[in-house]
Amino acid sequence: MTTAPDKLPVLLSVDNVSLSFGGVKAIRGVSFDIEEGEIRAIIGPNGAGKTSMLNVINGFYHPQEGTITYRGRPRRRMKPHDAAASGIARTFQNVALFKGMTTLDNIMSGRTLKMHANFLFQMVRFGPALAEEVAHRRRVEDIIDFLEIAAIRKIAVGKLPYGLQKRVELGRALAMEPQLLLLDEPMAGMNLEEKEDMCRFILDVREEFGTTIALIEHDMGVVMDISDRVVVLDHGEKIADGTPDDVRKNQAVIDAYLGVPH
Ligand SMILES: Nc1ncnc2c1ncn2[C@@H]1O[C@H](COP(=O)(O)OP(=O)(O)O)[C@@H](O)[C@H]1O
Ligand SMILES: [Mg+2]
């Protein structure tokens, strides 16, 4: 069980967001917020609109209706790299790493955004640029230690077991030093031990870096254990929103998971 203060400032809010793909309504008028420092779970049956919601939050999809407000500023249009620059990083439902590259280089790639920000400065002054490169490397090595993957730092990611690939992907997201971390099924396909490790890392990320985390997860035990609040989607609609205990007892949620027609 996690302990978070009762009322925290809102980091991001989703207001009345709707998203369609042609005739398919993936999200229908959904509103919820994510408070600073919380672990917010997004759950629901397959096709509920969870991944689409993360894609709206990080600017990959533009909702036809509604607003995303991040750090007090509303926005309608934003590209994923703007999201990353503003402190939103994510991992994907299907691991999206450079399979032929090492763990180290994959995590280093998460730093490029920060390096590019200083590109002009680097052109004129080589010395500071070198110092900066060293600082980036050090930061990446810290993340590697933090995630306990030093032993695989020089191994091509494609050769690693799936559970470790997921951990490397988390490392790359952390390399961006996000304020808001979006995790799409970080424990999918993992065995029990790997899941326990991932849960511990997620809690440690919040503890160590103060990162706010929104995660999509199917394992209800995990959701109950590590999240502060849970929003439940079903067929694109929000059907419940509250503490893990509230949500677990909610009849609409029970029906959605049992596949009761509506
Ligand atoms: N790029 C897309 N093009 C067309 N339909 C999509 C696309 N992405 C998602 N959908 C549809 O939107 C609905 C919600 O999908 P998704 O957000 O992936 O759900 P979840 O992650 O909850 O399983 C589904 O009906 C899915 O087929
Ligand atoms: Mg999904």
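## The shell around ligand 1 and the strands of the fold

By class, the shell around ligand 1 is made up of 4 nonpolar, 6 polar and 1 charged residues. The structure is a predicted model, and the description below should be read with that in mind. The residues around ligand 1 are Phe-21, Val-24, Ala-26, Gly-44, Asn-46, Gly-47, Ala-48, Gly-49, Lys-50, Thr-51 and Ser-52. The elements that give two or more residues to this shell are β2 (24-35) and α1 (50-57), and α1 gives the most, with 3 residues.

Some of these shell residues also appear in the surroundings of Gly-236, which lies in the loop between β9 (229-234) and β10 (237-242). Leaving aside residues up to four places away in sequence, Gly-236 touches Lys-25, Ala-26, Ile-27, Arg-28, Ala-48 and Gly-49. The C-alpha atoms of Gly-236 and Val-24 are separated by 9.8 Å, although the two residues stand 212 residues apart along the chain. Gly-236 counts as buried because 21 other C-beta atoms lie within 10 Å.

A second loop glycine, Gly-59, is found between α1 and β4. Gly-59 is also buried, since 20 other C-beta atoms lie within 10 Å, a count that meets the cut-off of 20 or more. Between Gly-59 and Ala-84, which are 25 residues apart in sequence, the C-alpha to C-alpha distance is 9.4 Å.

The open sheet consists of 6 strands in the order β6-β7-β8-β3-β9-β10, with mixed pairing. Its edge strands are β6 (88-91) and β10, each of which pairs on one side only. Neighbouring strands of this sheet are turned against each other by 15° on average, direction ignored. Within the sheet, β3 and β8 pair in the parallel sense, and Ile-39 has Ile-213 in β8 as its bridge partner. Two helices are placed against these strands. Helix α7 (residues 162-175) lies across β6 and β7 (180-184), running at about 170° to β6, while helix α11 (residues 251-258) packs on the sheet, where it touches β9 and β10 and makes an angle of about 130° with the direction of β10.

Strand β4 takes part in two antiparallel pairings, with β1 and with β5. In the pairing with β1, Asp-15 stands opposite Thr-67 in β4, and in the pairing with β5, Thr-69 stands opposite Pro-74. The table sets out these pairings beside the parallel one described above.

| Strand | Partner strand | Sense | Bridges |
|---|---|---|---|
| β1 (residues 10-21) | β4 (residues 65-70) | antiparallel | 5 bridges |
| β4 | β5 (residues 73-75) | antiparallel | 3 bridges |
| β3 (residues 39-43) | β8 (residues 212-216) | parallel | 4 bridges |

β4 and β5 form a hairpin with 2 residues between them, and Arg-71 is in the turn. Arg-71 has a positive phi of about 50° although it is not a glycine. With 13 other C-beta atoms within 10 Å, Arg-71 is classed as partly exposed, because that class falls between the limits of 12 or fewer for exposed residues and 20 or more for buried ones.

Asn-16, another residue that is not a glycine, likewise has a positive phi of about 50°. Asn-16 is found in strand β1, whereas Arg-71 lies in the loop between β4 and β5. Asn-16 counts as exposed because it has 12 C-beta neighbours inside 10 Å.

Note on methods:
Residues numbered from 1 in each chain as written. Chains lettered and ligands numbered in written order. Predicted model: local features only at pLDDT ≥ 70, side-chain atom pairs only at ≥ 80, totals over all residues. Contact = placed C-beta atoms within 7 Å. Near = placed C-beta within 6 Å. Nonpolar A, V, L, I, M, F, W, Y, C, P; charged D, E, K, R; others polar. Pairing = 2+ DSSP bridges. Axes fitted to C-alpha atoms, helices over the stretch in contact; angles between N-to-C directions.
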